[in-house]
Structure formats: C-alpha cells, structure tokens
Amino acid sequence: MSTLANQIPNQSYASTLSRLALQIKTWGKALGFAQVGICDTDLTAEEAKLQAWLDKGFHGEMAYMATHGMMRARPQELHPGTVRVISVRMDYLPPEAGFATNLTDPNLGYISRYAGGRDYHKLIRARLKKLGDQISAELVALGFDAADFRPFVDSAPVLERPLAEKAGIGWTGKHSLILNHEAGSWFFLGELLINLPLPVDIPIQEGCNSCVACITSCPTGAIVEPYVVDGRRCISYLTIELQGAIPEEFRPLMGNRIYGCDDCQLVCPINRQAPLTAETDFHIRPQLKQPDLLSLFAWSEAEFLKQTEGSAIRRIGHKRWLRNIAVALGNAPSSPEIIQALSIRKEQADVDNIVKEHIDWALIQHQSKSPQLITARRKTERLIRTVKKGLPRDA
Ligand code: B12
Ligand code: SF4
Ligand code: SF4
C-alpha cells in the first residue's frame, strides 16, 4: 500500500482528494457537527498577535497558554506530518436557555449555557476520532495507507479560532469568538490534524461592521480593544480558571454569574437566529436550571461531585464553587436567610481561607452595598432589555 499523502499529484489524485473532502463533510454532519471546514496549517500571521497577548500577561494564571510557545500556532510541529486541519463546529445553545429570567433574579446563580449539560471535551473528541477512523477506512478501501490524524478540543495547545476562521467556519468577532450569520456564536470548536493534502475552504468575510455591542456590554471591560480579550478581566477566567482570590474590584461586577459568562454573546445581533443544539447531552440539567444560590451554596463536597458528574463544572472543584457563590450572595439583595447561610458556612470544615475571605467580603456587602454594584446592576438591566428584545425565544 502507499500513502495518499505522498502520491505524485495528477488528475485522479486531485479528484480523489476532492471527493474525500466532500465525504468528510457529509460524515462530519452525520456525526453531529453542524459545519466542517478544511484549512492549511499556516498561522504565521497569528504568531505576533499571540506573542503580544502573552507579553501583556493577558493569560494571567493560565500558564499552559505560554508553556507551549509558538507551537500553538504551528499545528505541523504539534503533530508532525500534519498538512491540513479539519475544523468542526458543534452547536450548544440549549432549549429554554432562560437568559433574561436568570439574570433578572439576583437570588439565582447564572451558569454559562455551554456548561449546563455534559462536558463537551470528551464528546467532541470521541466524534472527531470516529471521523478520523472513517477517513482511514475509506483510504484503506481505496488501496492506500490509513490516515495519520490527531483530534483536538479546547484544552490542547492549538489556536482553534484562527484555524476555524481559515477553514471558513466564521469570522472573528470583536469579542474574539468565531461567529457566522447562520450559526451565531453558540458553538464549540474542535479539530482533526491530518496528513492528507485535502482541498482547503475559503474564509468568510467579517460581518461585525460598525457594531461594538460586545465591547460596551462586557461587565468587567475585558474586551480591551476589538478582537482582544484581557483574560484576567473576563468573568469566565475569574470564575473558572483563577485558583486563588478573585480581585475585589471585579466582585461587584460579577453579579450572579457563578460559572462563566455569556454577556458578550447575549448582546450580539448575529445571535438572533442562532440554532438550538441537536445534542440532548448539552441540555441544562434540572438542578442547574435557574438554580437558587442558597441551595447551591448548601451543597457539601460529596453533593457537588454527585450533581456535577460528567459536567465541565466539576473541574473547578467544590472550593472554587463556594468562592464564586459567596461573591454572588454578596451581590444579592440583603435578607436574613442569606446572612445566616453565609455566617453558618464560614464555620464549616469544608471551607478554606480563600472561601472564608470571600464570605467575609459578602457579609460586608450586606452592611453596605458597594456603589460599583449599583452601576453593574444598571448595566445588567440594560442587557436584560436587549435580550428580551433580541432573543425572545431564549429570554
Ligand atoms: C484561553 C481561553 C479562554 C480564556 C481567554 C479568552 C481569550 N479571548 O483568549 C478565557 C478563560 C477568558 C476564555 C473565555 C471564554 N471562552 Co475560551 N478558550 C480559551 C482557549 C483555550 C485558548 C484561546 C486563546 O488561544 N487565546 C489567546 C488569544 C491570543 O488567541 P485568540 O483569542 O484566538 O486571539 C486571536 C484573535 O483574537 C486574533 N486577533 C487579534 N487581533 C486581531 C485583529 C483582527 C482584525 C482579527 C480579525 C483578529 C485578531 O489574533 C489572536 C491570535 O491568533 C480556547 C481553545 C483553544 N485551544 O483555542 C477556548 C475557546 C476560545 N473558548 C471558547 C468559549 C466558548 C469561551 C467562552 C464563551 C466561555 C464562557 N461562556 O464563559 C468565554 C468567552 C470570552 C471571550 N470573549 O473570549 C470557545 C470559543 C468558540 C467560538 N465560537 O469561538 C473555544 C474555542 C473553546 C472551544 N473549543 O470551543 N477562554
Ligand atoms: S465572557 Fe463576559 S466577561 Fe468575558 S469578555 Fe465576554 S462579556 Fe466580558
Ligand atoms: S456584538 Fe457586534 S461587534 Fe461584537 S461580535 Fe457581535 S456583531 Fe461583532
């Protein structure tokens, strides 16, 4: 047998690759990917932007972002032999998202809608592996060697967004996420690095025009310039990635967001027609749907692990969960129940010094609310009005 990758180009070789590229898109869709695109591995143009982002320290505590250096922009070094990247999109917007309902009531915890169901990492990686196996089986049936491929989703050291943009999945929005007119931005990305010189897709033109809604609506001013997010300011980072104490300046701005944040996507006009997910695995679990902060705060570690089994939320652990909820309880309207819950929790064995410090902060908020909270609440009210008007199905 011979490798298709090493064949001397001729017409039948080119048509085999073109046919294969079409088949890959059909197989990908059958596996649940809403879109499949193909690009080459050249991300040279991104290297300076990635370096500038790292130089400014925008990755904060996410050391893995710097550890891999420029390998993140060089898929061919990450998996030698790679000449193409098959980039896929999987939609996650769940039915009954209830965004406005959730943000309106400060006694409820807001969990980013990508995280209400099953952890996407394993699911997408397994489907990408199936796609790779299918490609290999076809090559073997045609008398060639199997393909050499490696699937990636999220955590791996590869620049997923620039690859998706090159593969025609969408354009880079000013919030730095990939979006397109048909899909909006509520989707995960994944990639298959592969050694086949498949024909590549054409990138689509940017469609943000003069809009800056995501920049002005971000609660913490994390979108520091169009297309650039200072990770350290993003609520997603503060609630999920940051291990230690949440800087005080951000706490009142977080409102009731206890795991991730969706605001920059909620105000985006391109999300008006966004499709709902076809995966029931991404539907919100009943215990995480419009959840009451006090109930979540009462979970013991064992209960937290049980309720978040198979979910991405589990990765942050019980202590960071309590830390985040303590902040949200500090931002909630004062009530004897909240003050009592905070005071009791502080004395329990499963809280460490960091959680205690956040509880103390929350208790102080119940003596006198910070003026920043009032401004932040006004901003959220504007957001709620935008959501009700722009996303009535999901409000
Ligand atoms: C680190 C990380 C984060 C960090 C930092 C975010 C950031 N913007 O970099 C934090 C924790 C804050 C985060 C938050 C979120 N994340 Co995140 N994150 C990642 C991760 C692991 C790496 C991103 C990265 O490399 N950042 C470094 C910067 C330098 O790269 P970049 O953002 O791609 O920036 C490029 C462009 O902005 C461009 N650029 C710079 N200037 C200019 C100018 C112009 C004109 C243009 C066109 C481009 C451009 O150059 C940069 C370098 O190529 C990726 C997965 C992956 N492996 O890629 C997921 C990923 C980007 N996250 C994702 C998601 C869903 C989120 C959240 C929505 C989750 C949530 N709801 O809480 C938020 C959104 C916040 C936001 N507005 O970005 C998805 C995005 C899917 C999509 N539709 O695009 C990804 C791809 C994960 C996945 N596999 O699906 N994330
Ligand atoms: S996810 Fe929230 S905090 Fe992060 S950039 Fe978007 S709006 Fe800002
Ligand atoms: S809110 Fe506006 S600027 Fe931001 S990504 Fe959407 S269209 Fe682009």
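This briefing covers the surroundings of ligand 2 and one sheet of the structure. The model is predicted. A shell of 13 residues surrounds ligand 2, and four cysteines carry a "binding site" feature in an unreviewed UniProt entry. Elsewhere, an open sheet of 4 strands has helix α6 packed on it.

**Shell around ligand 2**

- The closest of the 13 residues around ligand 2 are Cys218, Cys234, Cys261, Asp263 and Cys264.
- Two elements, α9 (235-241) and α11 (263-266), each give two or more residues to this shell.
- By class, the shell consists of 9 nonpolar, 3 polar and 1 charged residues.

**Annotated cysteines**

- The unreviewed UniProt entry places the feature "binding site" at Cys218, Cys234, Cys261 and Cys264.
- These positions are spread over 47 residues of sequence, yet they cluster in space, with a largest C-alpha distance of 10.5 Å.

**Cys218**

- Cys218 belongs to the loop that lies between α8 (213-217) and β8 (223-225).
- Cys218 is classed as buried because 22 other C-beta atoms lie within 10 Å, and the class requires 20 or more.
- When residues up to four places away in sequence are not counted, Cys218 touches Ile223, Asp263 and Cys264.
- Of these contacts, Asp263 and Cys264 are also listed among the closest residues to ligand 2.

**Cys261**

- Cys261 is located in the loop between β10 (257-259) and α11.
- Cys261 counts as buried because it has 25 C-beta neighbours inside 10 Å.
- Apart from neighbours within four places in sequence, Cys261 is in contact with Ser112, Ile235 and Ser236.

**The four-stranded sheet**

- The strand order of the open sheet is β1-β2-β7-β4, and the pairing is antiparallel.
- Strands β1 (35-39) and β4 (149-152) form the edges, each pairing on one side only.
- From one strand to the next, the twist averages 20°.
- In general, strands of a sheet pair through backbone hydrogen bonds, in either a parallel or an antiparallel manner.
- Strand β1 is joined to the antiparallel strand β2 (residues 84-91) by 5 bridges.
- Within this pair of strands, Ile38 stands opposite Ile86 of β2.
- Helix α6 (residues 120-141) packs on the sheet and touches β2, β4 and β7 (187-194).
- The direction of α6 makes about 35° with that of β7.

Definitions and conventions. Residues are numbered from 1 along each chain as its sequence is written. Chains are lettered from A and ligands numbered from 1 in the order in which they are written. This is a predicted model: local features need pLDDT of at least 70, side-chain atom pairs count only at pLDDT 80 or more; totals for chains, interfaces and linings use all residues. A residue is near a molecule or strand if its C-beta atom, placed from the backbone, lies within 6 Å of it. Ala, Val, Leu, Ile, Met, Phe, Trp, Tyr, Cys and Pro count as nonpolar, Asp, Glu, Lys and Arg as charged, and the others, Gly among them, as polar. UniProt positions are given in the numbering used here, feature names are shortened, and annotations may be inferred rather than shown by experiment. A residue is buried if 20 or more other C-beta atoms lie within 10 Å of its own, exposed if 12 or fewer, and partly exposed in between; C-beta atoms are placed from the backbone. Two residues are in contact if their C-beta atoms, placed from the backbone, lie within 7 Å. Two strands pair if DSSP finds at least two bridges between them. Axes are lines fitted to C-alpha atoms, for helices over the stretch in contact, and angles run from 0 to 180 degrees between N-to-C directions.
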